[in-house]
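Biologist: Hi! Could you put the model up and walk me through it?

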Amino acid sequence: MEPLLEVAGLCKPYPARSRTPLPAVRDVSFCLRAGETLGLVGGSGCGKTTLARLIARLAEADAGRILLQGQDITRLRGRALRPVYRRVQMVFQAPAASFDARHTLGWAVAEPLANAGVPRAARRAQAAQLLERCGLPAGFAARYPRQVSGGQCQRAALARALAAGPRLLICDEATSALDPLASAQLLELLDSLRRQNGLAILFICHDLALVQRFCDRALVMQDGRIVEQGAPTALIAAPRHPYTRRLVEAAL
Amino acid sequence: MKQNLRLAACLLPAAALLLAVLFARQLCPYDPNAQAFAALAAPSAAHPAGTDILGRDLLSRILVGLRTSVLATLALVAAAALAGTAAGVAAALLGGAADAVLMRVCELCLAFPGLVLALGLAALLGGGLPCAVLALGAVSWPKYARLARSRTLALLPTDAIAAARLAGDSACQLVVRHILPDVAGQVLVTAALDTGAMMMELAGLSFLGLGAMPPTAELGSMMSGGRSLLQTCPWVVLGPGAAIFAAVAAFNLLGEALRDALDPFVCQGEEHEA
């Protein structure tokens, strides 16, 4: 089966204009099949978020290739990126900060629908439906991000991501800011969405235990490189790379 | 409740000023340009602000002059704020050479004393109220450009903007839906606080003979015309001066009220959860 996402030799230095740029992502290659959950583990500052932003095409890579459903999206710009955004969506780490505080949750969920040309009346109904599917009563559509809890806000963020009808969902530490219960509920929701729609999930996280519970496969990232990959259980039981070993020891 | 009272107290002078400006002609007891009375008459029941050297009723001239000054100042500030905001947001979005050029132009304008530059420009343009407005506008937009640019640059890397891009917003939609509403609040507050200062500068240019031309009643030029009489007939200067003072104070209060109302760090009595 053709992979949904294929990343080959991806590189991105930071800051881009500096004379001695620090490579944030170096020579990263992996693929992801539809319906698969891929964990990406690593410490703070190892380049996880940069990699996520490169794949979601919020930033442009300096070298390497990103193939989405066989299409090379590495160098697309401007208007050409809009169809990519419909297929790749992202849920961010800080739920409230990923919303414009001036708009209601319903407005935010309806924004991708509006941009896809859904008429106004249908938009409201669909937004309410999406919120409900993510476990939020329809009344939440009228609330502002500051009026709901972190967990509720993250559910709304998920609803907004789903509104675009993505094939790939990138969760960038989406559960880090949530309490254990809210986090477990969100994971359950993600899992059911994956099973229902064959959604592929790139699950970025620094918690190995969570990755073991939730992911089919995991990548371990250190200093911008993928140092080890495999089934999470195997990674934890028999880590080969010293960094993975340290991560496992720190988690226990 | 206390806050609402404060807001009302701040807005009341501005509202009064607005009414005086809108109904200046109706409020005038006499024709502001009619030389129909004894020259330099002291304030009395018939002429509450006295008369000027040409025998014109000063209260009428102050009211009409206030209208001229306030409308010219508002046009000036609105134009500067709009142009500056557009330039700043564009510079932040375009980046690269366009950003560098725009910001160097701003720095050049800001490095020069504003009033001196405005004086030079107004003289170059030939004097008269429209030229004075144009000259002051040309020196006051960089402030707004820098404000809008820095706010836009701070917004662009946020997750909220990333999410909006992922939602399929074009650059235009991004600006209209997410960037301008954020920038506008700060620009509005700055503009309201700036209006007082601009009114003073406009009056200053008129005082120096580069603003309104006679017989147009304008507060700055009225003070300028009466300055030789300050010791003998002080009302000729004090009346227009008091009007400028009141208008500037009203604008500053309005600015403060707007800042308090729009500042996210001032609690608005709304419940903040999570």
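Modeller: Happy to; we'll take the sheets, a helix and an aromatic pair in turn.
Modeller: This is a predicted model, where local features need pLDDT of at least 70, side-chain atom pairs count only at pLDDT 80 or more, and totals for chains, interfaces and linings use all residues. Residues are numbered from 1 along each chain as its sequence is written, chains are lettered from A and ligands numbered from 1 in the order in which they are written, and side-chain values use heavy atoms, with hydrogens and water left out.

Biologist: Thanks! In what order do the 4 strands of the open sheet in chain A run?
Modeller: The order is 2-1-4-5, with antiparallel pairing. Strand 2 (22–32) and strand 5 (71–72) of chain A are at the edges with a single partner strand each, so one side of each has no neighbour in the sheet. Strands here are DSSP runs of E, at least two residues, and helices are runs of H or I, at least four residues, numbered from the N terminus. Two strands pair if DSSP finds at least two bridges between them.

Biologist: How many bridges join strand 1 to strand 4 of chain A?
Modeller: Strand 1 (residues 5–14) and strand 4 (residues 63–68) of chain A are joined by 5 bridges. Opposite Val7(A) you'll find Ile66(A) of strand 4.

Biologist: Switching to strand 3 of chain A: is it largely enclosed or open?
Modeller: Strand 3 of chain A is largely enclosed by the rest of the structure, because 5 of its 5 residues are buried. Buried means under 20% relative accessible area, exposed over 50%, and partly exposed in between (1.4 Å probe, protein chains only). Thr37(A), Gly39(A) and Val41(A) point one way, while Leu38(A) and Leu40(A) point the other way.

Biologist: And which strands does strand 3 of chain A pair with?
Modeller: Strand 8 of chain A pairs with strand 3 in the parallel sense over 5 bridges, and there Leu38(A) faces Leu202(A). Strand 9 (residues 217–222) of chain A is also parallel to strand 3, through 4 bridges, with Gly39(A) opposite Ala218(A).

Biologist: Now helix 6 of chain A. Which of its residues are buried?
Modeller: Among them are Ala182(A), Leu186(A), Leu190(A) and Arg194(A). The buried residues cover an arc of only 160° around the axis, which puts them on the same side of helix 6 of chain A; the arc is that of the directions from the helix axis to the C-beta atoms.

Biologist: What's on the face turned away from that buried side?
Modeller: That face of helix 6 of chain A carries the exposed residues Pro180(A), Leu181(A), Glu188(A), Arg195(A) and Gln196(A).

Biologist: And what covers the buried residues of helix 6 of chain A?
Modeller: The cover includes helix 4 (120–133), helix 5 (150–163) and strand 7 (168–172) of chain A. Contact here means heavy atoms within 4.5 Å.

Biologist: What comes just after helix 6 of chain A?
Modeller: Gly198(A), which takes a positive phi of about 65°.

Biologist: New topic: how many aromatic pairs does the structure hold?
Modeller: There are 2 over all chains. Rings of Phe, Tyr and Trp (its six-membered ring) pair if their centres lie within 6.5 Å; planes under 30 degrees apart count as stacked, over 60 as edge-to-face and the rest as tilted. One of the pairs is Tyr30(B) with Phe37(B), edge-to-face at 4.7 Å centre to centre and 65° between the planes.

Biologist: Is Tyr30(B) buried or partly exposed?
Modeller: Tyr30(B) counts as partly exposed, at 28% relative accessibility. Phe37(B) is partly exposed too, with a relative accessible area of 27%.
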